[in-house]
Amino acid sequence: LHDALPISSTCVEAGVKKHYKCDGCGKMFIKDGDEYVETTESDLALPLAAHSFNGIAVKTSPSKVVYTAFETFDLTGIKVVKTCSVAGCKGEEVAADEVAFAYEKEGADKLTADMTKVIVKAAGFKTDLAITVNKIAVKLPIIESKEYTGEVQVAVVPESELYTVTENNGGTVIGKYDVKLTLTDAVNYAFEGVDGEIGRASCRE
């Protein structure tokens with residue numbers, strides 16, 4: 001007989017108790033006092049060890065990951081697993097009602113267009129989930145033309161909480177005059193077809 005050293009269990013593979021193996025017949029034995037008692041592989045198997053959890057990962061993304069500014073993030077459809085440090089371990093899924101999230105900005109209760117992620121929380125761990133938050137499109141106002149009078153005239157711009165008029169000089173000569181509009185919230189709104197926070201509308205005289 002020769003000694004067969006014990007093998008420790010992991011969370012994916014059962015270990016083996018210390019035992020003895022016959023070189024001639026291949027039978028296995030354990031020692032009971034001074035006697036050798038024949039045993040089997042199943043009797044020698046040790047139970048699986050506990051997982052060594054070291055974090056969480058998003059296995060399946062939520063149903064919705066593209067939003068518009070001021071919407072509320074929704075976890076519906078997400079699947080999260082606790083990750084394990086043991087090679088070959090696929091982790092353990094976290095129950096849906098035990099998964100929570102926080103917005104990228106502390107204290108926020110809605111999404112804004114400068115956010116690129118939410119923080120997923122479960123089992124005492126955190127991980128980032130990438131999202132897209134689009135700006136709300138703002139149409140440039142339609143400005144009515146004015147009749148030529150020979151006097152200085154400026155455009156009448158429809159009022160809006162979404163922008164301010166930052167340039168409206170008008171003129172006396174027949175032609176087209178630009179009106180400069182600046183968004184009041186350039187983070188979450190964008191003029192249609194315009195790059196940046198400044199849009200231009202035209203008035204004809």
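Buried here means under 20% relative accessible area, and in this predicted model Tyr 189, with a relative accessible area of 17%, is therefore counted as buried.

**View 1. Phe 70 and Tyr 189 form a tilted aromatic pair.** Tyr 189 is the buried partner, at a relative accessible area of 17%, whereas Phe 70 is partly exposed, with a value of 34%. The ring centres of Phe 70 and Tyr 189 lie 6.1 Å apart and their planes meet at 50°, so the pair counts as tilted. Phe 70 belongs to the loop between β6 and β7 while Tyr 189 sits in strand β16, so the contact ties together parts of the chain that are 119 residues apart in sequence.

**View 2. Two residues other than glycine, Phe 70 and Ala 123, have a positive phi.** For Phe 70 the angle is about 80°, and this residue is placed in the loop between β6 (66-68) and β7 (79-84). For Ala 123 the angle is about 55°, and its place is in the loop between β10 (117-122) and β11 (125-130). Phe 70 is partly exposed at 34% relative accessible area, and Ala 123 is likewise partly exposed, with a relative accessible area of 45%.

**View 3. Tyr 20 and Tyr 36 meet edge-to-face.** A search of the whole structure finds six aromatic pairs, and one of them joins Tyr 20 to Tyr 36, with 5.2 Å from centre to centre and 90° between the planes. Tyr 20 lies in strand β2 (residues 19-21) and Tyr 36 in strand β4 (residues 35-39), so this pair links parts that are 16 residues apart in sequence. Tyr 20 counts as buried at 12% relative accessibility, whereas Tyr 36, at 40%, counts as partly exposed.

**View 4. Four aromatic residues form one cluster.** The members of this aromatic cluster are Tyr 67, Phe 73, Phe 101 and Tyr 103.

**View 5. Lys 139 and Glu 192 are joined by a salt bridge between distant parts of the chain.** Their side chains meet at 3.5 Å, taken from N to O. Lys 139 lies in the loop between β13 (136-138) and β14 (163-167), and Glu 192 in the loop between β16 (189-191) and β17 (198-204), so that 53 residues separate the two in sequence. Lys 139 is exposed, with a relative accessible area of 60%, while Glu 192 counts as partly exposed at 40% relative accessibility.

**View 6. Glu 71 forms a salt bridge with Lys 64, and Asp 114 forms one with Lys 105.** Side chains of opposite charge can pair when their charged atoms come close. The structure holds seven salt bridges, among them the one between Glu 71 and Lys 64, in which the closest N and O atoms are 2.8 Å apart. Glu 71 is partly exposed, with a relative accessible area of 26%, and Lys 64 also counts as partly exposed, at 34% relative accessibility. In the bridge between Asp 114 and Lys 105, the closest N and O atoms are 2.4 Å apart. Asp 114 counts as partly exposed at 34% relative accessibility, and Lys 105 is partly exposed as well, with a relative accessible area of 39%.

Terms used. Residues are numbered from 1 along each chain as its sequence is written. This is a predicted model: local features need pLDDT of at least 70, side-chain atom pairs count only at pLDDT 80 or more; totals for chains, interfaces and linings use all residues. Side-chain values use heavy atoms; hydrogens and water are left out. A salt bridge is a side-chain nitrogen of Lys or Arg within 4 Å of a carboxyl oxygen of Asp or Glu. Buried means under 20% relative accessible area, exposed over 50%, partly exposed in between (1.4 Å probe, protein chains only). Helices (H or I, at least four residues) and strands (E, at least two) are DSSP runs, numbered from the N terminus. Rings of Phe, Tyr and Trp (its six-membered ring) pair if their centres lie within 6.5 Å; planes under 30 degrees apart count as stacked, over 60 as edge-to-face and the rest as tilted.
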